[in-house]
Amino acid sequence: HESQPIESVSQHSHYLNCVNVQPNEGGTNTKYHVFSVSADMAVRMYSITSKLDDFKKSSRVKEDIEECGLHTALIKSLKYSPRLNSVLSGSWDCCLYLTGGPSHPTHSCRKFAEVGQLSRRVQCVDISNDATLFLSASADKTLKIWNSDTFDEIATLIGHSDTIYCAAFSHDGRYIASGGKDSDVLLWESMTGRIFGRLQ
């Protein structure tokens, strides 16, 4: 049995690299927000006004904003934070942006990491559940932890021997798991940067 998509809503002009789906906790008719990033350098957000298990072709889907438009190379990863009502995106332009989410007063984009701080392509980003920390994984074999308030770099984590493709905080934000081209999964303490596990 082959499943078919219910509806295609993407307005991207190139292939997609990452998507997020988040339930809407506000008092509007919107049930879910969908976020996507692409090789076309755009961050896009959509609103779905029906429950996903009741989704039909007639369900109303609307695009909230067209794009961030500030990245200068393909965007590899994104993470939406309900607490911040913002989307964190990382790109092959070696930059990180924080973009205002649905119903954000300005939908503004703020660059907080750029060439020099990130020496190689950004492959993955994450946000801790309490929204106090940002995480980026890069082709320079490092992870970086950032203060979400000040945008200051807190730590650089070194342990992989090649490009890091994926990384994520644990639910409580105390730990990080990362993996990449070296085929290892490393487990880190996010507060100390200490590697406490290596899965090969």
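# Two antiparallel sheets in an all-strand model

Strand 15 and strand 16 run antiparallel and are joined by four bridges. Strands are DSSP runs of E with at least two residues, helices are DSSP runs of H or I with at least four residues, and both are numbered from the N terminus. Two strands count as paired if DSSP finds at least two bridges between them. The model is predicted, and for this reason local features need a pLDDT of at least 70 and side-chain atom pairs count only at pLDDT 80 or more, while totals for chains, interfaces and linings use all residues. Residues are numbered from 1 along each chain as its sequence is written, and side-chain values rest on heavy atoms, with hydrogens and water left out.

## Overall composition

The protein contains 16 strands and zero helices. Of its 200 residues, 46% are buried; a residue is buried at under 20% relative accessible area, exposed at over 50%, and partly exposed in between (1.4 Å probe, protein chains only). The exposed surface amounts to about 10400 Å², of which carbon and sulfur atoms supply 48%. Accessible areas come from the Shrake-Rupley method with a 1.4 Å probe, and for residues only the protein chains shown count as cover. Among contacts between residues at least 6 apart in sequence, 37% join residues at least 24 apart, where contact means heavy atoms within 4.5 Å.

## The sheet of strands 13 to 16

The hairpin of strand 15 and strand 16 belongs to an open sheet of four strands, which has the order 13-14-15-16 and antiparallel pairing. Strand 13 (164–169) and strand 16 form the edges; each has a single partner strand, so one side of each lacks a neighbour in the sheet. On average, neighbouring strands of this sheet are turned by 20° against each other, direction ignored. For such angles, axes are lines fitted to C-alpha atoms, for helices over the stretch in contact, and angles run from 0 to 180 degrees between N-to-C directions.

Within the sheet, strand 14 pairs with strand 15 (residues 185–189) in the antiparallel sense over five bridges. Val185 in strand 15 stands opposite Gly179, and Val185 also stands opposite Leu199 in strand 16. Five residues separate strand 15 from strand 16 in their hairpin, and Gly193 in the turn has a positive phi of about 75°. Ser183, in the loop between strand 14 and strand 15, has a positive phi of about 70° although it is not a glycine. Most residues other than glycine have a negative phi.

## The sheet of strands 9 to 12

A further open sheet of four strands has the order 9-10-11-12, again with antiparallel pairing. Its edges are strand 9 (122–127) and strand 12, each with a single partner strand, so one side of each is left without a neighbour in the sheet. Neighbouring strands here are turned by 20° against each other on average, direction ignored. Strand 10 and strand 11 pair in the antiparallel sense over five bridges, and Leu135 stands opposite Ile145 in strand 11. Phe151, in the loop between strand 11 and strand 12, has a positive phi of about 65° although it is not a glycine.

## Aromatic pairs and a charge over a ring

Rings of Phe, Tyr and Trp (its six-membered ring) pair if their centres lie within 6.5 Å; planes under 30 degrees apart count as stacked, over 60 as edge-to-face and the rest as tilted. By this rule there are three aromatic pairs. One of them joins Phe134 and Phe151, whose ring centres are 6.4 Å apart with planes at 40°, so the pair is tilted. Phe134 lies in strand 10 (residues 133–138) and Phe151 in the loop between strand 11 (142–147) and strand 12 (153–158), so the pair ties together parts that are 17 residues apart in sequence. Both Phe134 and Phe151 are buried.

Another pair consists of Tyr175 and Phe196; the ring centres are 5.4 Å apart and the planes stand at 65°, so the pair is edge-to-face. Because Tyr175 lies in strand 14 (residues 175–180) and Phe196 in strand 16 (residues 195–199), the pair ties together parts that are 21 residues apart in sequence.

In addition, Arg121 lies over the face of Trp92, at 3.7 Å from the ring centre. A charge sits over a ring if NZ of Lys or CZ of Arg is within 6 Å of the ring centre and within 35 degrees of the ring normal.

The table gives the accessibility of residues discussed above.

| Residue | Relative accessible area | Class |
|---|---|---|
| Phe151 | 10% | buried |
| Tyr175 | 28% | partly exposed |
| Phe196 | 40% | partly exposed |
| Ser183 | 58% | exposed |
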